Amino acid sequence: MDTWYQCEVLERKPLSNSVISLKLAYAASHTFLPGQFVMLDLPISGDFSTRSYSIASAPNTEGWIELCIVLKQDGAGTPYLFEDVQAGSVLKVSDAQGRFIIEDGEEPVCLISTGTGIAPFRSFIQHVQNRGIDREVHLIFGNRTESDILYEAEWSQLVEAGKLSFYPVLSRASESWSGVKGYVHEVYPKLAESNPNWIFYLCGWSTMVKETKNNLKALGFSRKQLKFELYD
Ligand SMILES: Cc1cc2nc3c(=O)[nH]c(=O)nc-3n(C[C@H](O)[C@H](O)[C@H](O)COP(=O)(O)OP(=O)(O)OC[C@H]3O[C@@H](n4cnc5c(N)ncnc54)[C@H](O)[C@@H]3O)c2cc1C
């Protein structure tokens, strides 16, 4: 049985043209692990009123969580969240769920996502930083344009501090973009080749996740080394 809480929206802010961040009051006693998601039960028409969102902030003791949500123009849930929800609104939020948990350990991890698939990885990376965990973390992040790279300033800061290897990839880059162009598939095969002990976590829409999983399997990675979460 799901447990439900009435949670106030503490802050709503745009992260890009099509993505918002919602900071929700969420009691510290409602514990969760990096990678888990909550469901929102929304007052929308149709039989199916719940929508799942990965928690984008670290497990914390301060009584809040953050979500990042991309607008699906023809959807039922996200237009409601974008148009009708603001600071002060109250949402019905479930307990944390899911087995896509980014576990503590010693092996290097490679996190691969596109768009809002970054959410569980931000939770994990914040967790690693907050706890001072010494772990090699590689983040491959695919987007269309520069302005779609969610939380870019945070990744740059961690890269500068030598705490993260970050590989942004753009499919519709401007001419001034000097990084990798194309899809995430441009990046991981080379890294994978020389790192057979890595654990890969994949998150986002099914096309990217399934293709990446199949490619990594073909490169010799075992089931145990490949963990994934599909958003659709
Ligand atoms: C584990 C998980 C984590 C996710 N995390 C994020 C996140 O962090 N950020 C983000 O932007 N998106 C996330 N999503 C996607 C999100 O749950 C929604 O699918 C997305 O926001 C679109 O919702 P919508 O209501 O606008 O679109 P709609 O097209 O109205 O609904 C899309 C989704 O709602 C569900 N649904 C609707 N109707 C039915 C029905 N009749 N029967 C069964 N299911 C139905 C399905 O899951 C479907 O994929 C996640 C999905 C999952 C499964």
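Visitor: What makes the pair formed by a polar backbone atom of Ala76 and an oxygen atom of the ligand a polar contact?

Guide: In this predicted model, the oxygen atom of the ligand is 2.8 Å from the polar backbone atom of Ala76. The cut-off for a pair of N or O atoms is 3.5 Å, so this pair counts as a polar contact.

Visitor: Why is the pair between Ser54 and a nitrogen atom of the ligand given that name too?

Guide: A backbone N or O atom of Ser54 lies 3.1 Å from that nitrogen atom. The pair is within 3.5 Å and therefore qualifies.

Visitor: What makes the approach of Tyr231 to the ligand a polar contact?

Guide: Here a polar side-chain atom of Tyr231 is 3.2 Å from an oxygen atom of the ligand. That value is also within 3.5 Å, so the term applies. As for cover, the protein takes up 72% of the 950 Å² of accessible area that the ligand has on its own.

Visitor: How do you know that the ligand sits in a pocket, and which one is it?

Guide: The ligand is assigned to the second largest pocket. The criterion requires more than half of its atoms to lie within 2 Å of the grid points of the pocket, so the assignment implies that this is met.

Visitor: Which strand supplies the largest share of the shell around the ligand?

Guide: Strand E4 does, with four residues. E4 spans 50–54, and helix H1 (77–84) is among the other elements that supply at least two residues each.

Methods. Residues are numbered from 1 along each chain as its sequence is written. This is a predicted model: local features need pLDDT of at least 70, side-chain atom pairs count only at pLDDT 80 or more; totals for chains, interfaces and linings use all residues. Side-chain values use heavy atoms; hydrogens and water are left out. A polar contact is a pair of N or O atoms within 3.5 Å; within protein, one must be able to donate a hydrogen and the other to accept it, and residues adjacent in sequence count only if both atoms are side-chain atoms. Accessible areas come from the Shrake-Rupley method with a 1.4 Å probe; for residues, only the protein chains shown count as cover. On a 1 Å grid over the protein atoms alone, a cavity is a set of points where a 1.4 Å probe fits but cannot get out, and a pocket is an open set with protein on both sides within 12 Å along at least five of seven lines; lining residues have an atom within 4 Å of a point.
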